[in-house]
Every structure is written in C-alpha cells, then in structure tokens.
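Got your viewer open and a selection box ready? Here is a short tour, stop by stop.

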Amino acid sequence: MPQYRNLDITPAERVKRYKRFYGGLVFDKLYSLGIRETSLSQEFRPLRQDMVLAGHALTVKIHSHAESEEVLSERGNKPWGGGPKQKLVMEAVTPGCVICIDTGPSFVCAQWGEMSSHLAQSQGAAGALIAGNVRDTRIILQMEDFPVYTMGYAANARTGWIVNEINTPIYLPGHLKHSVKIFPDDFIFGDTDGVQVIPAEVIDEVMLRCEELLDRENDERKKIKAGMSIDDVYSEYGAL
C-alpha cells in the first residue's frame with residue numbers, strides 16, 4: 001500500500017495552496033500517481049473565466065420534484081424548492097468545502113442561486129459545483145471570491161426539486177468516462193481547463209507534488225524568457 005504524505009493544516013490553508021495551481025499541473029500529478037479518469041465533463045463551466053474552484057467535497061444528491069397544483073396554490077409566493085432537507089445542506093457546510101450537487105443531471109429548472117451562494121459563503125463554503133442549472137448569475141458574479149461552476153443557466157426555479165441525500169457518494173458527468181464517483185471529503189479542483197476530483201487519500205500528496213513541479217516550472221520559464229536555447233531546454237527539462 002503506497003504511503004502518501006499528509007499534512008496537519010487547516011482546510012483554508014489547503015484551499016489557498018491549491019489555488020496557486022492550474023489544471024494541467026494537477027492532472028499530471030494525479031497521472032503520476034496512477035490515478036486516471038477523474039476529470040469531469042467539459043460541460044462544467046465557471047461563471048467567470050478567472051474563477052478557481054478548490055475545496056473538499058460536500059456532496060448533495062437532489063432530484064426533480066413536480067408538486068401538485070394544490071400544493072403550489074397553497075404556497076403562493078412563499079419560498080419553494082429543496083424540500084425539508086434543503087436547510088440541512090447549509091447546516092452541513094464546513095470551512096473550505098465545495099458544495100457538489102448531483103442533479104441527475106436535470107435541466108428542468110435552476111437548482112442554485114445567489115441567496116444560496118451568500119448563505120453558503122457565510123458558513124465558510126469555498127464554492128459550488130452544480131450538475132444542472134444556476135440562476136441569479138449576475139448577482140453571484142458580484143460576490144467576492146465565491147466560484148460557481150455549472151452546466152447551464154435558467155431563471156425558472158418553480159418546476160421543483162428536492163434534496164434526497166447529503167454527504168453520501170454521488171456521480172457527476174465525466175470527461176474520459178460517463179461519470180465520476182465523488183465521495184464526501186474528496187477534493188475538487190477547477191479552473192478554465194476543467195474540473196478534476198482528487199481522492200481524499202492523496203490530497204496532500206498531490207498538493208506537495210504540484211508545489212515541487214511549480215517551483216521547477218517557474219525556474220524553467222525564467223530561463224526560457226532569458227533566451228535559453230531550444231536544445232538546452234529539451235536537454236535539461238525533457239518534453240514540454
């Protein structure tokens with residue numbers, strides 16, 4: 001059984017250190033550990049290109065939920081969506097988590113919005129990943145450092161959805177395979193190159209390997225900018 005390095009650091013410190021990285025760097029270090037097919041579908045997109053998503057996974061499984069006309073009439077304009085377990089999602093938020101929502105995926109309505117973003121951030125969440133739709137995007141974009149990745153957008157939230165499970169394994173659409181299984185406390189990393197899942201047991205090992213390579217690459221960049229010859233680049237650093 002491989003021995004992976006683990007650090008005694010806070011989730012906030014881990015998030016901060018991961019946010020220095022970029023997608024190709026994380027992918028290469030996962031690959032070096034023999035970890036394959038943990039990239040999520042390229043249909044996941046950040047609300048803004050410079051958003052970097054990093055944090056341990058708070059997994060949520062929801063489902064579309066069509067209510068009767070009688071129930072809708074009784075509710076009127078009162079809040080809707082999520083069912084009795086929606087509040088439990090926010091109560092499960094811990095500092096440095098990324099709320100990962102498995103919607104099926106369903107695009108019937110929006111399953112996430114700006115009020116949920118504000119409340120999640122106030123409890124310490126580091127972002128959200130939605131395999132469905134988001135709404136209120138212009139307001140979310142005004143928030144300070146709350147990255148949201150989604151597969152779609154919709155103003156409508158009234159056709160209904162309900163929270164089924166929290167902190168249980170979920171499946172999100174994959175890139176190299178149909179779906180990727182995400183366990184609670186796996187780590188999520190996303191940037192403009194896509195979103196990746198880092199298994200819990202290798203989070204710090206991947207982080208440390210990324211930091212080691214990042215320092216090496218920074219040195220390589222300086223030498224290339226200073227006029228290092230092509231032959232010397234490939235001789236010293238190998239394939240780029």
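A residue counts as partly exposed when its relative accessible area falls between 20% and 50%, with buried below that range and exposed above it. Tyr31, with a relative accessible area of 45%, is therefore partly exposed. Keep in mind as you click around that this is a predicted model.

**Stop 1: around Tyr31**

Stay on Tyr31 and add Phe27 to the selection. Phe27 has 33% relative accessibility, so this residue is partly exposed as well. Now show both rings. The centres of Phe27 and Tyr31 are 6.1 Å apart and the planes meet at 25 degrees, so this pair is stacked. Both residues belong to helix 2 (residues 23-32), and because they are four residues apart there, about one helical turn separates them.

Next, bring up Arg36. What does Arg36 lie over? Arg36 sits over the face of Tyr31, at 3.5 Å from the ring centre.

**Stop 2: the other aromatics**

The structure has four aromatic pairs in total. For another of them, select Tyr18 and Phe189: their rings are tilted, with 6.4 Å from centre to centre and 45 degrees between the planes. Colour by secondary structure and you'll find Tyr18 in helix 1 (residues 11-18) and Phe189 in strand 10 (residues 187-191), so this pair ties together parts that are 171 residues apart in sequence. Are Tyr18 and Phe189 buried or exposed? Both are buried.

Add Phe21 and Phe187 to that selection, and you have one aromatic cluster made of Tyr18, Phe21, Phe187 and Phe189.

**Stop 3: the nonpolar cores**

In soluble globular proteins, nonpolar side chains tend to be buried together. Here, the largest nonpolar core holds 41 residues, and the members that touch the most others are Ile99, Trp112, Leu129 and Ile188. Pick Ile99 and show its surroundings: leaving out residues up to four places away in sequence, its contacts include Leu58, Val60, Val89, Val93, Trp112 and Leu129. Also among the residues touching Ile99 are Ala120, Ala125, Gly127 and Ala128.

There is a second, separate core too, with 19 residues, including Val202 and Leu214. Tyr18 and Phe189 from the previous stop are members of this second core.

**Stop 4: a hairpin**

Finish with strand 8 (residues 170-173) and strand 9 (residues 179-182), which pair in the antiparallel sense over four bridges. How many residues does the hairpin use to join strand 8 to strand 9? The connection runs through five residues. Last click: select Tyr171, and opposite this residue you'll find Lys181 in strand 9.

Methods. Residues are numbered from 1 along each chain as its sequence is written. This is a predicted model: local features need pLDDT of at least 70, side-chain atom pairs count only at pLDDT 80 or more; totals for chains, interfaces and linings use all residues. Side-chain values use heavy atoms; hydrogens and water are left out. Rings of Phe, Tyr and Trp (its six-membered ring) pair if their centres lie within 6.5 Å; planes under 30 degrees apart count as stacked, over 60 as edge-to-face and the rest as tilted. Helices (H or I, at least four residues) and strands (E, at least two) are DSSP runs, numbered from the N terminus. Buried means under 20% relative accessible area, exposed over 50%, partly exposed in between (1.4 Å probe, protein chains only). A charge sits over a ring if NZ of Lys or CZ of Arg is within 6 Å of the ring centre and within 35 degrees of the ring normal. A nonpolar core is a set of buried Ala, Val, Leu, Ile, Met, Phe, Trp, Tyr and Cys residues joined through side-chain atoms within 4.5 Å. Contact means heavy atoms within 4.5 Å. Two strands pair if DSSP finds at least two bridges between them.
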